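Got your viewer open? Load the model, find the selection box, and follow along one stop at a time.

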Amino acid sequence: MKISTMRFIDRFVGTPACWLSGIIQKVLNRRAPESIESILVIKFFGLGSILLTSPTLRSVREHFPKSNIIFLTFSSNSELLDEIPFIDERWLIDPRTFLSFLESLILLAARLVVRKVDVVLDLEFFSKFSTLIGALAHPGRHIGFALPTRWRTWNVTDSIPLNIHQHVTKTFHDALAPLGIKESGLLTPRIQAKGAEPFSLLGSLKVRPGAEIICINPNAGKTSLDRRWSSERFSQTIDILQGGFPNAVFCLIGARDEREYIEGVIRLTNATSDRIANLGGSLTLKGLIGLFSHSKLLITNDSGPMHIAASVGLPTVALFGPESPVFYSPVGNRTINLYAGLPCSPCLNVYDAKIFRCPINVKCLKEISVDRVVASAKILLSEQLESVQLEEVAA
């Protein structure tokens, strides 16, 4: 199903369903569990967001070492769960078609009836669907982010204020407060680079020892395509960098359905075929991790691959427009976040399901110049940032 279809169903079907569920929850007697033996964590959207839940999952494991941690997400995120070691079971919903969604939902409902869940930790931001799933589990504690609406407050037992003025890893971790777990120190997701050698996947590129692999991600995921810097500017950046770094080769990454868009970026460049490759749809997640582990740099829009790169320690230039790096910046010690910080920014937020409405034609991204991106790339490529993270750099 399309993201727009999911949003439509969630809004117009989910709201009355949550009201009905909330009334039922008010009638039923829910008691806090005497012991916590099973915890259901729910996070459906955002590959990067799911990765950023890993510090929270680590804390759950440390404080409840004998508890069974179940992670519920979409089947498209399953491969990422292999890289997060704190999960005992994964429950998947397949949203590819309405029929596959319905079949997997029925299976999930049957599981929730049979299996006892002591705690539901809903890390989705105001999703009616995840709220309903949590309520169906009928746990002793149902933790979710707070909204001043009865459909939400009647379904959860513990409402957690959503702080968008700190990094999302800390906001996720705040949800553990009802369980007596407090955040301490920097919450850093890390992935072990266990992917296969990427060089065999680069097609016509003759990657030789000493070559500098520069990854480019001109995409931004289906939830909001408005986060994309223009294809023309990406191509100009590639042309400048290939002139300044004669050993550099460029790998443009993305999903299978983004391959054509990537090809459009490549056509705008002056790069010869032996120095640039379209890897859209060619890499598994492990392959992407392997590629990142052998690369020198990633230049990317605000997206899931941005967080994956940071988690394996790949220096990253991240481009932010409608969303703020305060909430979603990559967590790493070698990142530069470019953000114009216009008075109207950020305007893409979780309170309105990340629906984007811009009267000034995404000026925030246009304010990020090619020269600024190139300069940031050169800083990281010259390895002048070994241990200092630049939190924000004015575009």
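## Stop 1: a charged pair

Start by selecting D94: at 13% relative accessibility, D94 counts as buried (buried is under 20% relative accessible area, exposed over 50%, and partly exposed in between, with a 1.4 Å probe and protein chains only). Now add R96, which is exposed, with a relative accessible area of 67%. The two form a salt bridge, and their closest N and O atoms are 2.6 Å apart. A salt bridge here is a side-chain nitrogen of Lys or Arg within 4 Å of a carboxyl oxygen of Asp or Glu.

Before moving on, know what you are looking at: this is a predicted model, where local features need pLDDT of at least 70 and side-chain atom pairs count only at pLDDT 80 or more, while totals for chains, interfaces and linings use all residues. Residues are numbered from 1 along each chain as its sequence is written, and side-chain values use heavy atoms, leaving out hydrogens and water.

## Stop 2: zoom out

Show the whole protein as a cartoon. There are 16 helices and 13 strands (DSSP runs numbered from the N terminus: H or I of at least four residues for helices, E of at least two for strands). Of the 395 residues, 54% count as buried. The structure holds 11 salt bridges.

## Stop 3: the six-stranded sheet

Which order do the strands of the open sheet follow? Across its 6 strands you read β3-β2-β1-β4-β5-β6, with parallel pairing. Two strands pair if DSSP finds at least two bridges between them. At the edges sit β3 (89–93) and β6 (158–160), each pairing on one side only. From one strand to the next, the twist averages 20°.

Now colour β4 (residues 119–122) and β5 (residues 141–145): they run parallel and are joined by 3 bridges. Pick V120 and you'll find its bridge partner in β5, H142.

Next, select helix α7 (residues 128–137). It packs on the sheet and touches β1, β2, β3, β4 and β5 (contact means heavy atoms within 4.5 Å). The direction of α7 makes about 175° with that of β4; axes are lines fitted to C-alpha atoms, for helices over the stretch in contact, and angles run from 0 to 180 degrees between N-to-C directions. Then try helix α6 (residues 98–114), which lies across β1 (38–42), β2 (68–74) and β3, at about 140° to β3.

## Stop 4: an odd phi

Select H138, in the loop between α7 and β5. Most residues other than glycine have a negative phi. The phi of H138, though, is positive, near 50°. H138 is partly exposed, with a relative accessible area of 33%.

## Stop 5: a link between two strands

Select D158 in strand β6. Is D158 buried or exposed? It is buried, with a relative accessible area of 14%. R141 forms a salt bridge with D158, with the closest N and O atoms 3.0 Å apart. R141 lies in β5 and D158 in β6, so the pair ties together parts that are 17 residues apart in sequence. R141 counts as partly exposed, at 23% relative accessibility.

The side chain of D158 also makes a polar contact of 2.8 Å with that of T157. A polar contact is a pair of N or O atoms within 3.5 Å; within protein, one must be able to donate a hydrogen and the other to accept it, and residues adjacent in sequence count only if both atoms are side-chain atoms.

## Stop 6: a buried acid without a salt bridge

Jump to D239 in helix α10 (residues 231–244). D239 is buried yet has no salt bridge: the nearest side chain of opposite charge, R275, is 8.7 Å away (Lys and Arg count as positive, Asp and Glu as negative; His and the chain ends are not counted). What does D239 meet instead? Its side chain has a polar contact of 3.3 Å with the side chain of Q242, and one of its polar side-chain atoms lies 2.8 Å from the backbone nitrogen of N270.

## Stop 7: an enclosed strand

Finish at strand β11 (residues 316–320). Of its 5 residues, 5 are buried, so β11 is largely enclosed by the rest of the structure. T316, A318 and F320 are on one side, V317 and L319 on the other. Show strand β10 (residues 297–301) too: it pairs with β11 in the parallel sense over 4 bridges, and I299 has V317 as its bridge partner.
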